[in-house]
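Reader: Could you take me through one part of this model up close? I'd like to look at a single strand and what sits around it, and I'm happy with a long answer.

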Amino acid sequence: MQITGNTVLITGGASGIGLSMARMFLENRNTVIVCGRNIHKLDGVKRQYPGIHTVQCDVSSPIEVTRMVEYIASHFPSLNILVNNAGIQHQYDFAKDENALQKIDEEIDINFRAVARLTKMVLPNLEKPPEAAIVNVSSFLGIVPKRSAPLYCATKAALHAFSQSLRYQLQGTPVKVFEIITPLVDTDMTKGRDDDAGKMSPESLAREVIRNMEKDRYEIKPGRTKLVLFLNRVVPSLIRNAIGKR
Ligand SMILES: NC(=O)c1ccc[n+]([C@@H]2O[C@H](COP(=O)([O-])OP(=O)(O)OC[C@H]3O[C@@H](n4cnc5c(N)ncnc54)[C@H](OP(=O)(O)O)[C@@H]3O)[C@@H](O)[C@H]2O)c1
């Protein structure tokens, strides 16, 4: 797909992977809008990258999302790429954690329900231009889950299945469905984890994503993802043991 001249909305685009993607799209001469919950982070983005447009929106709030979709429709009617990137990860013991019920709701609401709802709401806009895309940021943990984040892994598995089914349904329309099966990336989400050496930089990830989008590779497997998924196929017990213990 063409990677210049688009209008791109990136959820959770004020930091980490979302911000790197926003910068990469901006460098490639696209109109870029990012949303997030924290107004100070969004103001910081605006100061550092005046070319990036910002909207405050909690994607798990149906009222705020409706407001954002209306705002985009009136100010950026040419929107043709939605990047569903906003996400959180709670690491906890499912059986023992006293706040597990709240964490279950938060992860499902932000990582999955919000993606499905926002995608449904912007689809009528996307079907108009000659070319459009939905880009879902999932994780290899949706395919090879780890021990410490059961709901997180489950939401990413749901996103993986959703991306595939939606791609089938939208075949023959202008809307392409991409999925970034993300490896471990160096962002706030993974700060303080002891596996620093294996982390990909968000800039390298964004570069690889753009290169793959340009070639219409719908399932994008950046960095170590390819190797992990290969090992999961040929020596499943080895890879499941290694990741399953984390
Ligand atoms: N880092 C990794 O190793 C890794 C691996 C696989 C997949 N991923 C996925 O990549 C995506 C981005 O994560 P990241 O690593 O870049 O983490 P990050 O730096 O923590 O970024 C997440 C962004 O999402 C925003 N966000 C969270 N909840 C939101 C909500 N309810 N509404 C709107 N924005 C929200 C946050 O901003 P506010 O707090 O201001 O809202 C933040 O800017 C996530 O979906 C994550 O699951 C990351």
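Author: Here is a walk that starts at strand β1 and works outwards through the sheet, the helices, the ligand shell and a few loops.

One thing up front: this is a predicted model. The protein has eight helices and seven strands. Its radius of gyration is 17 Å, close to the 18 Å that the globule rule gives for 246 residues, so the protein is as compact as a globular protein of that length. Taken along the principal axes, the C-alpha atoms fill a box of roughly 50 × 40 × 35 Å. As for burial, 39% of the 246 residues count as buried. Look at the contacts between residues at least 6 apart in sequence, and 66% of them join residues at least 24 apart.

Now to β1 itself, which covers residues 7–11. Five of its five residues are buried, so β1 is largely enclosed by the rest of the structure. Which residues sit on which side? T7, L9 and T11 are on one side, V8 and I10 are on the other, and all of them are buried, so to speak, with both faces of β1 covered.

Where does β1 belong in the sheet? The sheet is open and has seven strands in the order β3-β2-β1-β4-β5-β6-β7, with parallel pairing. The edges are β3 (52–56) and β7 (219–220), each of which pairs on one side only. In the sheet order, β1 sits between β2 and β4. As a bit of background, strands of a sheet pair through backbone hydrogen bonds, either parallel or antiparallel. Here β1 and β2 (residues 31–36) pair in the parallel sense over five bridges. You can follow the register by eye: T7 stands opposite T31 in β2, and the bridge partner of L9 is I33 in β2.

Step over to the helices next. Helix α2 (residues 39–48) lies across β2 and β3, and runs at about 170° to β3. A good residue to click on there is V45, which lies in α2. V45 counts as buried because it has 22 C-beta neighbours inside 10 Å, and 20 or more is what it takes. Leaving out residues up to four places away in sequence, V45 touches A14, L19, V34, I52 and T54. Of these, V34 falls within the residue range of β2, while I52 and T54 fall within that of β3. V45 and S15 are 30 residues apart in sequence, yet their C-alpha atoms are 8.4 Å apart in space. Elsewhere in the sheet, helix α5 (residues 150–169) lies across β5 (132–139) and β6 (175–182), running at about 155° to β5.

Then there's the ligand. In total, 30 residues surround the ligand, and the closest are G12, G16, R37, N38 and G87. The elements that give two or more residues to this shell are α1 (16–27), β2 and β5. The largest share, three residues, comes from α1. By type, the shell divides into 11 nonpolar, 15 polar and four charged residues. So β2, the pairing partner of β1, also takes part in the shell around the ligand.

Finally, the loops. N28 sits in the loop between α1 and β2. With 16 C-beta neighbours inside 10 Å, N28 counts as partly exposed. N28 touches I3, T4 and I210, again not counting residues up to four places away in sequence. N28 and I3 are 25 residues apart along the chain, with 6.8 Å between their C-alpha atoms.

R29 is in the loop between α1 and β2 too, and R29 is exposed, with 11 other C-beta atoms within 10 Å. What's worth a look is its backbone: phi of R29 is near 60°, a positive value in a residue other than glycine. For context, most residues other than glycine have a negative phi. D216 has a positive phi as well, near 55°. D216 is found in the loop between α6 (202–214) and β7, and counts as exposed, with 10 C-beta neighbours inside 10 Å.

Terms used
Residues numbered from 1 in each chain as written. Predicted model: local features only at pLDDT ≥ 70, side-chain atom pairs only at ≥ 80, totals over all residues. Pairing = 2+ DSSP bridges. Helix = DSSP H or I, 4+ residues; strand = E, 2+ residues; numbered from the N terminus. Contact = placed C-beta atoms within 7 Å. Axes fitted to C-alpha atoms, helices over the stretch in contact; angles between N-to-C directions. Near = placed C-beta within 6 Å. Nonpolar A, V, L, I, M, F, W, Y, C, P; charged D, E, K, R; others polar. Rg over C-alpha atoms; globule rule 2.2 N^0.38 Å. Buried ≥ 20, exposed ≤ 12 C-beta atoms within 10 Å, placed from the backbone.
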